[in-house]
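Colleague: I am new to reading models of this kind, and I would like a close look at a single part. Please take the open sheet and whatever packs around it, and explain your terms as you go.

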Amino acid sequence: MEVTTEMEEQDIGLLYPSRSGSCTGSTETIASRLTSRQPSPTESHVPIDGIGSRQDPSSPLKSPSLSNVHDTHFGLRPVSQKTVIRSRTLPHLARSDAARKLSSESTGFEFERDRALRMSKWVLAFAIVNFDLDLGPVVCGVHPPLYLTPVQKENIAFSSFPDSLQFEQGSEVHSFRIQDLGASAKDGLDNGDSRPGSIDGYLYGYSYFSQRRDNTSKRGYQQTSLVLLSHLQYPALFTTLIMKLGPLFLIHGVPMLETACHNIASWCCPSPGSTAELGFLGSVLHVELPMTADTQQLTETASFREKFDTTLHLLSSIAPLDPPPISIFEASLSHLWSIWECLILCEPILVFGSSPAATSQAVWWLRDLLRPIPLANDFRPYFTIHDKDHSLLVNKLPPKAGLILGVTNPFFQKSCAHWPHVLSVGPKASVRHQGNATIIAGPPPGWCTKTHRRYISKDRQLLKAIEKTCQASVQDRIQASLDLRRHFCSRTNTMLVPLNRYLNTLIPSPTECTTVSGCLRLKPFSSADFFSSLKTNGSPLPFKSAAKRREFYERWLKTPAFGLWLAQQEEVVQKTLQDKWAG
């Protein structure tokens with residue numbers, strides 16, 4: 001592998017003040033341990049993503065993240081304390097043609113076993129995918145080494161590429177969800193150490209796809225994807241990471257990827273419900289982690305101890321805010337109340353878009369609205385005809401309950417013609433434009449349902465305000481998107497109010513707990529008693545009529561989501577009663 005020698009080693013650790021009770025390392029840095037020197041006349045400043053760096057053409061080539069790297073941890077810490085003194089998470093790399101070619105090579109780098117394990121708490125690995133003229137997209141490198149079955153590699157390769165032409169030159173970021181077969185086939189890293197077990201049986205990929213002109217290629221251009229693989233549902237966080245890393249990887253190749261791995265390995269283990277400051281490639285990300293995968297993360301209750309700022313803070317489990325989600329749903333804004341009801345009632349929805357970026361953002365946004373109801377269905381932010389589960393999820397049978405499928409290939413319009421609900425995302429137009437290419441594929445943007453009739457009144461005042469904001473500034477559209485999300489999150493919580501009210505009557509009294517054997521658990525749920533309570537006390541949601549209200553809850557009690565939710569409540573009540581009375 002031929003690499004330019006215009007590189008200079010730098011530390012990749014963040015500097016934190018010493019503090020007790022936090023995960024941290026010494027504040028000693030590489031700079032303090034290297035012999036100080038004055039810059040020579042031949043040195044120059046080369047900015048990388050807004051960060052200046054020095055180069056010394058006479059210095060020998062060194063790895064940007066191996067020898068002399070100080071093991072500094074990025075801790076989970078109270079935000080009220082003083083944060084970073086200076087971020088040093090980038091190597092000093094010079095731009096070179098040789099570095100550009102590294103993305104097509106599978107040559108790895110040395111990465112200590114313990115650092116690979118620490119990194120895997122957040123990110124399992126990065127996969128490099130290139131286009132082969134004979135085979136199509138192919139995984140040509142996984143760093144650090146991670147066992148993937150041939151089926152998984154094929155799934156990752158095809159899912160990391162758009163399945164239709166998006167632009168002549170450019171890049172895009174999207175995400176996907178595939179079954180995690182590797183954990184069961186060979187539980188562990190290639191070096192023999194176990195990786196974190198799959199949380200829900202799925203693997204999440206966050207892809208930076210790039211297409212550039214290349215006269216040396218028979219096709220006339222080069223297509224490459226860099227994919228972040230993780231077992232965590234943190235779309236906002238990981239989309240931000242891959243958006244930062246992708247462009248730098250295309251310029252500097254594997255050395256920049258190596259640096260990113262060392263950055264992530266230096267983070268503390270993710271702690272549910274905590275706020276973390278994560279150093280990554282010259283920046284510091286202020287991130288709040290959810291307590292569970294089904295916990296709502298709201299800007300009003302975020303633990304940053306300062307007003308939420310979309311330019312500074314990340315709620316890791318929500319959908320990315322770039323572009324503003326209301327732009328994605330512009331053609332369907334007036335139907336979002338019907339779409340929300342379909343989500344709650346576990347109705348299958350086919351999400352059509354002009355690009356994987358659009359469908360994946362839309363599907364993550366819809367999945368988020370289900371919280372805090374446990375996820376009882378499958379969802380695929382971006383799904384292709386090459387996916388291993390294609391025949392399982394797309395066939396002549398009725399679609400699985402609650403399935404949310406994000407697609408871009410016009411093939412699905414015909415093969416999924418029997419689906420009851422289709423959401424086509426995008427602006428209000430029959431023809432969608434992206435760059436210089438006009439894409440006329442799939443159904444026009446909008447909402448189409450064959451069976452659903454809305455039960456609950458929409459908030460027309462909010463709808464009017466949101467529609468007016470669609471032509472406003474980006475920041476105003478982001479804020480409007482957060483307002484719309486908060487509205488539907490509130491509706492999800494409000495929908496549960498009559499059920500929580502009834503469940504409170506099923507909790508055994510203190511007398512029963514002490515006198516009745518085996519009573520330290522929730523009493524059996526009775527549908528008749530629940531509807532009697534609903535008729536007496538009503539619901540805070542603005543149902544169109546009492547009959548509509550009863551029909552809605554009758555349908556929800558038959559969904560798989562209700563069974564999971566009830567089991568979750570029973571577990572919480574039983575644990576609480578046993579802790580209080582069993583001793």
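Modeller: What follows walks through the sheet strand by strand and then turns to its surroundings. This is a predicted model, in which local features need pLDDT of at least 70 and side-chain atom pairs count only at pLDDT 80 or more, while totals for chains, interfaces and linings use all residues. Residues are numbered from 1 along each chain as its sequence is written, and side-chain values use heavy atoms, with hydrogens and water left out.

The chain has 19 helices and 19 strands, where helices (H or I, at least four residues) and strands (E, at least two) are DSSP runs numbered from the N terminus. Five of the strands make up an open sheet, in the order β6-β5-β9-β8-β7, with antiparallel pairing; two strands pair if DSSP finds at least two bridges between them. In general, strands of a sheet pair through backbone hydrogen bonds, either parallel or antiparallel. At the edges of this sheet stand β6 (136-143) and β7 (170-179), each of which pairs on one side only. On average, and with direction ignored, neighbouring strands here are turned by 25° against each other; axes are lines fitted to C-alpha atoms, for helices over the stretch in contact, and angles run from 0 to 180 degrees between N-to-C directions.

Within the sheet, strand β5 (residues 125-132) and strand β9 (residues 221-230) run antiparallel and are joined by six bridges, and Phe126 stands opposite Leu228 in β9. Two helices belong to this picture as well. Helix α7 (residues 254-265) packs on the sheet, touching β5, β6 and β9, and its direction makes about 155° with that of β5. Helix α6 (residues 235-252) lies across β5, β7, β8 (202-213) and β9, and runs at about 30° to β8.

At the edge strand β6 we find Gly136, which counts as buried because its relative accessibility is 11%; buried means under 20% relative accessible area, exposed over 50%, and partly exposed in between, with a 1.4 Å probe and protein chains only. Leaving aside neighbours within four places in sequence, Gly136 is in contact (heavy atoms within 4.5 Å) with Asn130 and Phe131. The C-alpha atoms of Gly136 and Ala157, which are 21 residues apart along the chain, are separated by 8.5 Å.

On the side of β8, an aromatic pair leads away from the sheet, for Tyr204 in strand β8 and Trp364 in helix α10 are 160 residues apart, and their pairing links distant parts of the chain. Their ring centres are 5.9 Å apart and their planes are at 40°, so the pair is tilted; rings of Phe, Tyr and Trp (its six-membered ring) pair if their centres lie within 6.5 Å, and planes under 30 degrees apart count as stacked, over 60 as edge-to-face and the rest as tilted. Both Tyr204 and Trp364 are buried, and helix α10 itself is mostly covered, with 13 of its 14 residues buried.

Finally, consider Arg177 and Tyr202: the charged end of Arg177 sits over the ring of Tyr202, 3.6 Å from its centre. A charge sits over a ring if NZ of Lys or CZ of Arg is within 6 Å of the ring centre and within 35 degrees of the ring normal.
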